[in-house]
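Please look over the structure below before reading on. The briefing then takes it topic by topic.

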Number of protein chains: 2
Amino acid sequence: MSKIFSFSLIPCKTLLQTRASVTVQETENVTDFRTKVSRNPKMERLRCNYLFPEISAREAQHLKKYPNAEVISLGIGDTTEPLPDTVASSMADVSFAILLTEKLVGFQFNTVQMQELRRQISETLYKDMGIKDTEVFVSDGAQCDISRLQLLFGANMSIAVQDPTFPAYVDSGVIIGQTGDVEKESGSYQKIEYMTCGPQNSFFPDLSKTARTDIIFFCNPNNPTGHAASRQQLERLVQFAQENGSIIVYDAAYAVYITEGRPRSIYEIPGARKVAIEVSSFSKIAGFTGVRLGWTVVPEELLYSNGFPVIKDFNRIVCTCFNGASRIAQAGGLAALSPEGFKAVLSLADYYKENAEILLETFRLLGLRAYGGINAPYLWVHFPGSNSWDVFNEILEKTHIITVPGSGFGPAGKEFIRVTAFGHREKILEASKRLRRLLS
Amino acid sequence: MSKIFSFSLIPCKTLLQTRASVTVQETENVTDFRTKVSRNPKMERLRCNYLFPEISAREAQHLKKYPNAEVISLGIGDTTEPLPDTVASSMADVSFAILLTEKLVGFQFNTVQMQELRRQISETLYKDMGIKDTEVFVSDGAQCDISRLQLLFGANMSIAVQDPTFPAYVDSGVIIGQTGDVEKESGSYQKIEYMTCGPQNSFFPDLSKTARTDIIFFCNPNNPTGHAASRQQLERLVQFAQENGSIIVYDAAYAVYITEGRPRSIYEIPGARKVAIEVSSFSKIAGFTGVRLGWTVVPEELLYSNGFPVIKDFNRIVCTCFNGASRIAQAGGLAALSPEGFKAVLSLADYYKENAEILLETFRLLGLRAYGGINAPYLWVHFPGSNSWDVFNEILEKTHIITVPGSGFGPAGKEFIRVTAFGHREKILEASKRLRRLLS
């Protein structure tokens, strides 16, 4: 396979220019006036561009070169199948109801969030875990709440992240000021504790070698590796946090894909209520990407060192920096958690996991190691000795398939690409065919 | 009137407890375990509670005392009339379409925001002002974007705010670290430049006495005073920013209520593109509170002192900390900007302004000075020598009407209450009757 990795890595500066040309048209008028306001040094510290817009920019370049190419995207984790009937029609009902009923108009500030949805989330998804409705904060998605949590924590927190992991934890940490500069060689930031996860440790960090930090971001099932931790592993994680007095920010956005009897929530682990916040989302469980709905659980027992409950500060952040999720989206969320809706949600997850099986088999035929795909909608494919942006470029060039370069998820991803199992079946089958053709 | 202001101010600590008991149920299990994570000192610095949940808590207390009271809320600025037909039915259509059409599923990351809405906002609301669609960022509301702008600016910016003004600028500044401690006497924060606006200066700050800051938050029409600046005043503001090299963050959330021929956008002022960001919202213009839709304009010519365009950093913040507004809400926004939709929007604004007239007349009959209400849906009522929380309490006690104490908007608001003109006509008439009865 090594013959297919011949492209040179596009340097950072070029990426920046590419990106800018896609989203922000350069002004034609030369202007001499500048404000006297200094650019935020933390923004300057951010490495290049956010991963996914960068990939979109590359796709646009590719389409310029091959205007007739039928590009298949196995890149961003974007659901492709329609929402379950019951969910979409509930949202439509609420839209009409707003038209007719005064009671459905307004902020509903008394509750800040729709009480009914908070209750439904606590009862349906945290049954027997002791999570109260008042500990559930409805959001417009996990990524948004990660930023709000970082606002809550502030610049002085030390953080640990899995390596590789979803880039929003690190990027929001850079923006809020928790990190030092980026090291050019490795692409890692000073002052972040990277917990390497790879085939060598079955994708669970070696906690005996992990330094104590205030916050531990833990994405499970992990995006991008697709690995879901076992109960025993999560028990070790909770114990580690207890011993260190750390707070785990547990991102369960893909929890509904777990089928192997592993925990879907950190609160299945005894003691987690005292050390963990859980962030989650309807995006990937009900095909909601674009509808914007998620939630965050902050248990009352989670206390700062001075005994102050974290939930009180988070409540204040939500009141000050957010105004609640769209109530139409909330109506969709309620429908997704009804018995009928949730059955449809699980069957959607099964559909994507069948896609994952097809892709796993494809990479196996190609002689490549692919991980994940069992308890998550992502595959993590190993290209030993290669550079992931080269692999990304070569696959795009030769098969017109978009993937995600592993280095976008952290230094440990540099020999990997992430492949999403979200997609229509016929596209997945076509992608499989094109990839297999690379071998012949 | 002074006889009606006999209540003592509830001390800060009590407010905190009241609020906590409303949104966060205290845990019954005593726990000894605390994490070793220090509470963010910036969160500790926040004064008491966010204004509006606090008012809700007082309302709840009042209802406990008077279970049968028919409380009328002239408090939070929450629209009460149904959305225009065309807007609500567009949202319902999109909900159904998501069910049927694969094209309507997903993040649409290529564009991050729905291109069509960006174009429509730039063409409908910024006609002849030279604002490009690529300079418009669709959001889930003005308050959320104010927080994202503060993330962009960071802790080292100096800020100025009108006094009184919408509390989110100050509170988000405290959270991000731009301020010092709160001064107990005045309730003002160290390191914030307060630009006093009152009857003595026709509600426009004396810029000759205003210190230079990096950022100037300017809410126009002002919430809570209801004052809309004249063209000449805004020209002075832009000139002031140019001379100081400052950035104006212009909050135009209530711009649609301006009818006196005053500017609705800061970009009507020559030179504003180089010094101003404009934040706005569908909430108050189309009855969207709860639907969650707004936008922010960042012109390409707005540059930091090193020449770096602010728009590039804001784009990065939007990509990293936000994932776009709900597309169903965006469909509603598009409909609100159609010729038919916008006509309905303006007629809704007229309805609320007729309410304002009724209330203005009421306070006039009561012998009180009421400002605003002409170019904004708010009245700012003066109670010389009184304390606004006392006034709030007494009005609630005697008329079962919720208002907003002026001190919640800044030190200069301590003798005022804000009264909203949002409400069904019959409620407004009933409120007027109850208030007038106070005199008899």
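What follows covers confidence, one residue of chain A, and the sheet and helices of chain B.

This is a predicted model. Chain A has an average pLDDT of 86. In chain B, seven strands make an open sheet, and helix 6 lies across six of them, namely strands 2, 3, 5, 6, 7 and 8.

**Confidence in chain A**

- At least 70 is the pLDDT score of 86% of the residues in chain A.
- Residues 1–30 of chain A have a pLDDT below 50. The model still gives this stretch 51 contacts beyond near neighbours in sequence.
- Residues 102–113 of chain A also stay under 50 in pLDDT. Here the model has 46 contacts beyond four places in sequence.

**Gln120(A)**

- Gln120(A) sits in helix 5 of chain A, which spans residues 115–125.
- Its relative accessibility is 15%, so Gln120(A) counts as buried; the cut-off is under 20%.
- Beyond four places in sequence, Gln120(A) touches Leu125(A), Leu334(A), Leu337(A) and Ser338(A).

**The sheet of chain B**

- The strand order is 2-8-7-6-5-3-4, with mixed pairing.
- Strand 2 (136–139) and strand 4 (192–196) of chain B are the edge strands. Each has a single partner strand, so one side of each lacks a neighbour in the sheet.
- On average, neighbouring strands of this sheet are turned by 20 degrees against each other, direction ignored.
- Strand 5 (residues 215–219) and strand 6 (residues 247–251) of chain B run parallel, joined by five bridges.
- Opposite Cys219(B) stands Asp251(B), in strand 6 of chain B.

**Helix 6 on the sheet**

- Helix 6 of chain B covers residues 142–153.
- The strands it lies across include strand 3 (159–163), strand 7 (276–281) and strand 8 (294–297) of chain B.
- Helix 6 runs at about 150 degrees to strand 7 of chain B.

**Helix 3 against helix 12 in chain B**

- Two packed helices are described by the angle between their axes and the distance between the axes.
- For helix 3 (residues 51–65) and helix 12 (residues 388–399) of chain B, the axes come within 11 Å and cross at roughly 35 degrees.
- The crossing of these two helices of chain B is right-handed.
- Helix 3 of chain B contributes Leu51(B), Glu54(B), Ile55(B), Arg58(B), His62(B) and Lys65(B) to the contact.
- Helix 12 of chain B meets them with Trp389(B), Phe392(B), Asn393(B), Leu396(B) and Glu397(B).
- The residues of this contact comprise five nonpolar, two polar and four charged.

Conventions. Residues numbered from 1 in each chain as written. Chains lettered and ligands numbered in written order. Predicted model: local features only at pLDDT ≥ 70, side-chain atom pairs only at ≥ 80, totals over all residues. Heavy atoms only, no water. Helix = DSSP H or I, 4+ residues; strand = E, 2+ residues; numbered from the N terminus. Buried < 20%, exposed > 50% of the residue type's maximum accessible area, 1.4 Å probe, protein only. Contact = heavy atoms within 4.5 Å. Axes fitted to C-alpha atoms, helices over the stretch in contact; angles between N-to-C directions. Left-handed = near helix turned anticlockwise from the far one by under 90°. Nonpolar A, V, L, I, M, F, W, Y, C, P; charged D, E, K, R; others polar. Pairing = 2+ DSSP bridges. pLDDT = per-residue confidence, 0-100.
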